[in-house]
Amino acid sequence: MLFFAGIALASCASPEPGEQLAVDEDQIRNYLEADGFNVPRGFEFVEAFVFWEFVGAPAWSARYEADAAFGDASTVAAANPNFPPMEPVGCGTVPPGKWSSVGFVCRSGALSTRYPPSGGMDSMTIVLTQDDESAQLYMYSAGH
């Protein structure tokens, strides 16, 4: 009987598929490394979430911010030469992802890149926006 109680408690403590779990900077760094993305110098961690799945690698999203001077795509491109160049993206054409979890606000002049460019499972999408005060770097990895 004690064995079954232990299993019940363990399953209650496990996240449900699709559940959104907040993660810290150290935890998201592992996901970034696995997806081959380097956050450029000058950007600071704001928040990140993992979307738990029953099997496979979970989807995740993150947001970093920097001074507005970092809002041009050159810093992102220099830190991530394997990613295609960032291109302008309209608010209606931002690739699918769980952007609202990290407070995504689309602004005119937004730039985006995705690796691999075709998208799909294991793809990672980056969106860079800026306002007068700061640059925002949003990331979404689709998992598999």
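In which strand is the place of serine 134? Serine 134 belongs to strand 7, and it makes a good starting point for a walk through this structure, which is a predicted model. With a relative accessibility of 13%, serine 134 counts as buried, because the cut-off for that word is a relative accessible area under 20%. Its side chain joins that of glutamine 136 through a polar contact of 2.7 Å.

Now let us step back to the sheet around this residue. Seven strands make up an open sheet, and following them across gives the order 1-2-3-7-6-5-4, with antiparallel pairing. At the edges you will find strand 1 (20-22) and strand 4; each has a single partner strand, so one side of each is left without a neighbour in the sheet. As a general point, strands of a sheet pair through backbone hydrogen bonds, either parallel or antiparallel.

Strand 3 (residues 59-67) deserves a closer look. Of its 9 residues, 7 are buried, so strand 3 is largely enclosed by the rest of the structure. Strand 2 (residues 44-51) pairs with strand 3 in the antiparallel sense over 7 bridges. Here you can pick out valine 50, which stands opposite tryptophan 60 of strand 3. Strand 3 also pairs with strand 7 (residues 134-141), again in the antiparallel sense, over 8 bridges. Two places help you to find this pairing: glutamate 65 stands opposite glutamine 136 in strand 7, and alanine 66 has alanine 135 as its bridge partner there.

Glutamate 65 has another partner too. Its side chain meets that of arginine 63 in a salt bridge, with 2.7 Å from N to O. How accessible are these two residues, arginine 63 and glutamate 65? Arginine 63 counts as buried, at 15% relative accessibility, whereas glutamate 65 is partly exposed, with a relative accessible area of 28%. It helps to know that in a regular strand the side chains alternate between the two faces of the sheet.

How many salt bridges does the count come to? The count is 5 salt bridges. One of them joins the side chains of arginine 107 and aspartate 131, at 3.5 Å from N to O. Arginine 107 sits in the loop between strand 4 and strand 5, while aspartate 131 sits in the loop between strand 6 (124-130) and strand 7, so this pair ties together parts that are 24 residues apart in sequence. Arginine 107 is partly exposed, with a relative accessible area of 24%, and aspartate 131 is partly exposed as well, at 27%.

Salt bridges that share partners also link Glu25, Asp26 and Arg29 into one network. That takes us to helix 2 (residues 25-35). Glutamate 25 forms a salt bridge with arginine 29, and their closest N and O atoms are 3.6 Å apart. Why does this pairing fit a helix? Glutamate 25 and arginine 29 are 4 residues apart in helix 2, which means that about one helical turn separates them. In general, an α-helix has 3.6 residues a turn, so residues three or four places apart point the same way. Glutamate 25 is partly exposed, with a relative accessible area of 34%, and arginine 29 is partly exposed with 35%.

Both ends of this helix have something to show. At its start, a side-chain oxygen of aspartate 24 reaches to within 3.1 Å of the backbone nitrogen of aspartate 26. Just after helix 2 comes glycine 36, which takes a positive phi of about 75 degrees.

Our last stop is an empty space. Rolling a probe the size of a water molecule over the atoms shows where empty space is left. The largest pocket holds about 160 Å³ of space. It is lined by 10 residues, and the closest to its centre are Pro85, Glu87, Ser112, Thr113 and Arg114. Which strands each supply at least two residues of this lining? Strand 4 (87-88) and strand 5 (111-115) do, with strand 5 giving the largest share, 3 residues. Sorted by class, the lining of the largest pocket has 6 nonpolar, 2 polar and 2 charged residues.

Technical notes:
Residues are numbered from 1 along each chain as its sequence is written. This is a predicted model: local features need pLDDT of at least 70, side-chain atom pairs count only at pLDDT 80 or more; totals for chains, interfaces and linings use all residues. Side-chain values use heavy atoms; hydrogens and water are left out. Buried means under 20% relative accessible area, exposed over 50%, partly exposed in between (1.4 Å probe, protein chains only). Two strands pair if DSSP finds at least two bridges between them. On a 1 Å grid over the protein atoms alone, a cavity is a set of points where a 1.4 Å probe fits but cannot get out, and a pocket is an open set with protein on both sides within 12 Å along at least five of seven lines; lining residues have an atom within 4 Å of a point. Grid points are joined across faces, edges and corners, and a volume is the space filled by probe spheres set on the points. Ala, Val, Leu, Ile, Met, Phe, Trp, Tyr, Cys and Pro count as nonpolar, Asp, Glu, Lys and Arg as charged, and the others, Gly among them, as polar. A polar contact is a pair of N or O atoms within 3.5 Å; within protein, one must be able to donate a hydrogen and the other to accept it, and residues adjacent in sequence count only if both atoms are side-chain atoms. A salt bridge is a side-chain nitrogen of Lys or Arg within 4 Å of a carboxyl oxygen of Asp or Glu.
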